Amino acid sequence: MAQSNQTDLPIAEQGPGFLQRLEGISERKRHTLELAHEYMIPNRVETFVGAGVPLVIGKREGYRIWDIDGHELLDLHLNGGTYNLGHRNPDALAALRSALETWDVGNHHFPSEPRALLAEKLARLTPGALHYSVFTASGSEAIDVAIKSARHATGRRKTVSLDSGFHGTGGLSGAAGNDETARYFKSDAPDDFTKVPFNDLDAMEAALSAEDVACVLLETVPATAGFVVPEPGYLEGVKALCERYGTLYAADEVQTGLGRTGKVWAVEHHGIEPDILITGKGLSAGLYPIAAVVMTKEVGAWLKEKGWGYVSTFGGSEIACVVASTALDISTSPESLANATHISEYIGRGLAELQTRHSFLKGVRRTGLVIGLEFDNPMGGLLMSSTLYRHGLWAMFAGFDFSVLQFKPGLLVDEAYCDLALEKLDAALGDVTS
Ligand SMILES: Cc1ncc(COP(=O)(O)O)c(C=O)c1O
């Protein structure tokens with residue numbers, strides 16, 4: 001697999017005045033790009049413009065987004081599942097509006113009704129003995145809490161994660177992911193974080209056998225690596241090794257949870273009851289930030305001893321909790337889960353048919369609605385991202401493997417939406433190979 005880094009795209013430098021050379025764009029859009037380039041993150045603006053994706057998202061609704069200049073796009077990126085329920089989902093919006101009538105961020109020191117109700121709901125909806133929830137404002141922060149909890153519970157410092165994993169860009173979460181970015185900020189900690197290849201049980205055992213590892217932190221289907229599917233028995237094997245060597249199993253379900261694989265949590269496909277589960281992104285319904293780490297009573301024992309061991313002003317804000325509760329209800333309903341399974345099969349058939357006509361579409365990695373399309377070119381995912389953009393579909397290449405495109409339909413899409421997405425994919429494949 002081509003190991004790379006999301007900030008390290010092979011796009012030529014744009015040079016001074018590159019925005020002036022962009023043709024046919026409105027003044028409003030040019031101004032936004034200029035401000036973002038000047039005051040925010042120049043490299044990212046240059047990268048997207050250089051890749052032929054000068055997107056500034058304006059209107060958004062359901063599973064569609066519109067550039068502020070009007071270009072309509074099917075959204076198969078969904079920001080990693082943040083828009084699992086679609087943009088501005090009407091039920092989630094109604095929950096938000098009603099929450100605004102009564103609640104605010106809340107005082108994070110005190111028990112709060114929306115927060116307590118959400119914690120109870122998460123304990124009910126997560127597998128095994130997961131019990132306590134700690135709420136945070138981002139997935140990265142939740143991963144940090146997960147690692148700290150594992151360290152305290154086991155008295156060990158080390159975390160083992162994947163060399164192709166991504167868990168956010170906080171302190172511990174950043175060190176647990178791609179080494180290159182952590183090193184760039186002098187935030188890597190090689191003595192405390194060991195990286196192993198995916199689907200390699202021998203490497204995992206070698207990393208755990210010294211019995212000094214607090215937790216294994218694993219995305220159930222690694223997203224930024226391009227949704228590589230776990231080999232049969234791999235995750236089950238990791239769980240068994242964890243039990244043998246006294247290591248906790250932390251499931252990062254930030255991208256794979258909330259029904260996206262046809263079960264509420266992807267670990268359920270493997271019968272795994274993790275010691276720690278992290279959720280985020282779609283929990284917010286794309287409307288109000290929230291993430292959570294859910295842990296067993298044993299892992300969360302510190303919550304009984306140290307009430308202020310972790311405090312976060314915005315973690316579990318009351319408004320977010322009301323929205324998240326609605327997001328959970330919709331994402332975990334039998335109808336939504338059945339739709340995920342049905343749509344996965346439906347789109348899987350369409351993709352298989354495309355493969356018979358386009359050898360460039362080399363592989364389809366499909367776990368429910370988390371799908372990676374593998375192309376017969378090391379830059380194929382990147383190329384398809386920009387070609388599909390022109391055809392009116394936004395899907396993002398995999399950050400650690402540019403040959404792969406992440407192709408992620410939403411939980412509530414229907415067959416007609418998939419037909420349109422497949423039509424656009426067919427046309428883009430035709431363009432790229434002609
Ligand atoms: C699998 C996974 N874990 C954790 C995170 C971090 O979440 P956040 O961006 O909310 O900090 C991400 C973000 O993309 C992710 O994909």
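Guide: In this predicted model, a residue is called buried when its relative accessible area is under 20%, exposed when that area is over 50%, and partly exposed in between.

Visitor: Why is Glu-72 called partly exposed?

Guide: Glu-72 has a relative accessible area of 39%, and because partly exposed covers the range between under 20% and over 50%, Glu-72 is placed in that class.

Visitor: What makes the pair of Glu-72 and Arg-64 a salt bridge?

Guide: The closest N and O atoms of Glu-72 and Arg-64 are 2.9 Å apart, and since a salt bridge asks for a side-chain nitrogen of Lys or Arg within 4 Å of a carboxyl oxygen of Asp or Glu, the pair qualifies. Arg-64 is itself partly exposed, with a relative accessible area of 26%.

Visitor: How do you know that Asp-329 and Lys-121 link distant parts of the chain?

Guide: Asp-329 forms a salt bridge with Lys-121, with 2.7 Å between the closest N and O atoms. Asp-329 belongs to helix H11 (residues 318–331) and Lys-121 to helix H4 (residues 113–125), so that the two partners stand 208 residues apart.

Visitor: Are Asp-329 and Lys-121 buried or partly exposed, and why?

Guide: Asp-329, at 41% relative accessibility, counts as partly exposed, whereas Lys-121 has a relative accessible area of 13% and is therefore buried, the cut-off for buried being under 20%.

Visitor: Why is Arg-365 called buried?

Guide: Its relative accessible area is 15%, and because buried means under 20%, Arg-365 falls into that class. The side chain of Arg-365 meets that of Glu-374 in a salt bridge, at 3.6 Å from N to O, which is within the 4 Å limit. Elsewhere, Arg-151, Arg-157 and Asp-192 are joined into one network by salt bridges that share partners.

Visitor: What makes the approach of Ser-140 to the ligand a polar contact?

Guide: A polar side-chain atom of Ser-140 lies 2.5 Å from an oxygen atom of the ligand, and a polar contact is a pair of N or O atoms within 3.5 Å. Asp-252 places a polar side-chain atom 2.7 Å from a ligand nitrogen, and an N or O atom in the side chain of Gln-255 is 3.0 Å from a ligand oxygen. Of the 390 Å² of accessible area that the ligand has on its own, the protein covers 82%.

Visitor: Why is Leu-35 called partly exposed?

Guide: Leu-35, in helix H1 (residues 27–39), has 38% relative accessibility and so counts as partly exposed. Together with Tyr-39, Met-40 and Ile-41, Leu-35 makes a nonpolar surface patch of about 460 Å².

Definitions and conventions
Residues are numbered from 1 along each chain as its sequence is written. This is a predicted model: local features need pLDDT of at least 70, side-chain atom pairs count only at pLDDT 80 or more; totals for chains, interfaces and linings use all residues. Side-chain values use heavy atoms; hydrogens and water are left out. Patches are made of residues with over 30% relative accessible area and no salt bridge: like charges are joined within 9 Å, nonpolar side chains (Val, Leu, Ile, Met, Phe, Trp, Tyr) within 5 Å. Accessible areas come from the Shrake-Rupley method with a 1.4 Å probe; for residues, only the protein chains shown count as cover. Helices (H or I, at least four residues) and strands (E, at least two) are DSSP runs, numbered from the N terminus. Buried means under 20% relative accessible area, exposed over 50%, partly exposed in between (1.4 Å probe, protein chains only). A polar contact is a pair of N or O atoms within 3.5 Å; within protein, one must be able to donate a hydrogen and the other to accept it, and residues adjacent in sequence count only if both atoms are side-chain atoms.
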